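Here's a quick briefing to read with the structure open beside you. Take it one topic at a time and find each residue as you go.

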Amino acid sequence: DYVDVASWRRAQAVENRVDQPPTPHLLSVNEPVDLVYTWVDGEDPAWLARKAEALGRPTAASYTGDAALAARFLSRDELRYSLRSAEMFAGWARRIWVVTDRQVPHWLKPDGRLSVVDHAAIFADPRALPVFNSHAIESQLHHIEGLAERYLYLNDDMLFGAPVSPENFFHGNGVSKVFTSRVALIDPAPPNGHDLAVMAAAKNNRRLLEQEFGRTITHKLWHTPQPHSRALMEEFERTHSSLFDTVMRSRLRTVTDYSLTSALDAYYAMVAGRAAPGRIRYGYLDLGSPDMWMTLELWLRRRDVQCLCINDSTSDDSKHKAEKESALLEFFESYYPVPSPWE
């Protein structure tokens with residue numbers, strides 16, 4: 001309510017800003033936050049050979065219908081533009097980790113701030129490799145040596161679309177924010193052979209919560225960068241070592257999977273009082289949607305969505321493939337025209 005004369009004069013000398021408090025604000029995130037990406041080049045011949053061998057191995061598990069879908073592994077240079085978006089809108093990130101399977105994007109230039117981490121460096125048992133299941137890979141991310149206590153996990157099809165701060169993902173007291181979808185419901189039926197991997201995992205997550213904690217869930221989470229606590233993930237793995245080991249060894253997506261890192265750990269954190277519901281301006285696009293062109297145009301015009309996800313859950317049908325890829329590249333170059341330091 002009152003600014004003394006000396007403070008007012010100092011403020012005039014520094015763009016009319018009053019003195020900064022001597023200690024961080026209670027609501028501020030006062031610790032480093034890292035970014036962790038998972039990336040794959042689904043057209044790499046060596047990787048395709050490993051995948052073909054995995055598909056041919058006999059197993060008692062039942063792969064889900066989308067386990068081997070080529071679109072799940074296709075790279076459209078999304079990582080390049082996601083890194084540009086991180087530099088544009090989340091420049092506060094301390095370090096960036098790109099987790100891959102014996103691959104490095106040909107254009108990527110790692111440095112002291114960005115590191116490429118191979119699956120073999122983080123899997124508790126490297127004999128489980130190779131794996132082609134994001135659920136298995138995600139379950140091991142907290143093993144990255146040097147990873148910050150607070151980090152965001154991103155698929156390479158997730159981008160920042162407007163300025164964000166650590167406080168968009170964490171409360172000042174370290175509690176993570178959980179972004180629950182308003183519309184993506186979890187099928188109330190038990191898991192069955194008709195479920196796609198994401199639904200099967202959601203049902204398995206729900207069953208574990210009901211059995212262990214007497215609580216349930218009804219909605220899936222948004223496909224946003226997911227905030228994580230390394231200590232909580234280590235605790236979760238320590239108390240559920242058998243579960244983590246099983247998911248780690250799930251070579252391809254199966255109906256018995258759990259989405260440990262992209263969903264279940266958020267619920268686990270909420271039960272423990274270490275996460276709470278949050279909100280962020282979010283946009284989602286499936287490249288199979290007939291509204292694809294309109295959505296991209298709206299995002300370009302408004303530029304007000306903080307997190308974008310451009311997903312491809314379509315079949316291997318190549319109809320309109322060239323037009324879609326051309327439109328996507330034009331969108332990327334228009335929204336993120338400035339190369340990142342890692343190109």
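**Loops with a twist**

Arg102 sits in the loop between strand S2 (96–100) and strand S3 (114–118). Keep in mind that this is a predicted model. Arg102 has a positive phi of about 55°, even though it is not a glycine. Arg102 is also exposed, with a relative accessible area of 54%.

- Arg303 has a positive phi too, of about 50°, and it is not a glycine either.
- You'll find Arg303 in the loop between helix H10 (292–302) and strand S12 (307–311).
- Arg303 counts as partly exposed because its relative accessibility is 38%, and the partly exposed range runs between 20% and 50%.
- Leu129 and Pro130 are joined by a cis peptide bond, with omega at about 0°.
- Pro130 belongs to the loop between helix H4 (119–122) and helix H5 (134–138).

**The whole chain**

- Stepping back, the chain's secondary structure adds up to 11 helices and 12 strands.
- The chain's radius of gyration is 21 Å, close to the 20 Å that the globule rule gives for 343 residues, so the chain is as compact as a globular protein of that length.
- Along the principal axes, the C-alpha atoms fill a box of roughly 80 × 50 × 40 Å.
- Of the 343 residues in the chain, 51% are buried.

**Aromatic rings**

- Searching the whole structure turns up 11 aromatic pairs.
- One of them is Trp222 with Tyr282, a stacked pair at 4.8 Å centre to centre with 25° between the planes.
- Trp222 is in the loop between strand S8 (219–221) and strand S9 (226–229), while Tyr282 is in strand S11 (residues 282–286), so this pair ties together parts that are 60 residues apart in sequence.
- Are Trp222 and Tyr282 buried or exposed? Both of them are buried.
- Ring pairs also link up a cluster made of Tyr81, Trp299, Phe331, Phe332, Tyr335 and Tyr336.

**Arginines over rings**

- Arg279 lies over the face of Trp222, 5.0 Å from the ring centre.
- Arg303, the loop residue with the positive phi, lies over the face of Tyr335, at 4.6 Å from the ring centre.

**A nonpolar surface patch**

- Which residues form a nonpolar patch on the surface? They are Val3, Trp8 and Val18, and together they have about 300 Å² of accessible area.
- Trp8 is part of helix H1 (residues 5–13).
- With a relative accessibility of 49%, Trp8 counts as partly exposed.

Terms used
Residues numbered from 1 in each chain as written. Predicted model: local features only at pLDDT ≥ 70, side-chain atom pairs only at ≥ 80, totals over all residues. Heavy atoms only, no water. Patch = residues over 30% accessible without salt bridge, like charges linked within 9 Å, V, L, I, M, F, W, Y side chains within 5 Å. Areas by Shrake-Rupley, 256 points an atom, 1.4 Å probe, with all protein chains shown as cover. Salt bridge = Lys/Arg side-chain N within 4 Å of Asp/Glu carboxyl O. Helix = DSSP H or I, 4+ residues; strand = E, 2+ residues; numbered from the N terminus. Buried < 20%, exposed > 50% of the residue type's maximum accessible area, 1.4 Å probe, protein only. Phe/Tyr/Trp six-rings, centres within 6.5 Å; stacked < 30°, edge-to-face > 60°. Lys NZ or Arg CZ within 6 Å of the ring centre and 35° of its normal. Rg over C-alpha atoms; globule rule 2.2 N^0.38 Å.
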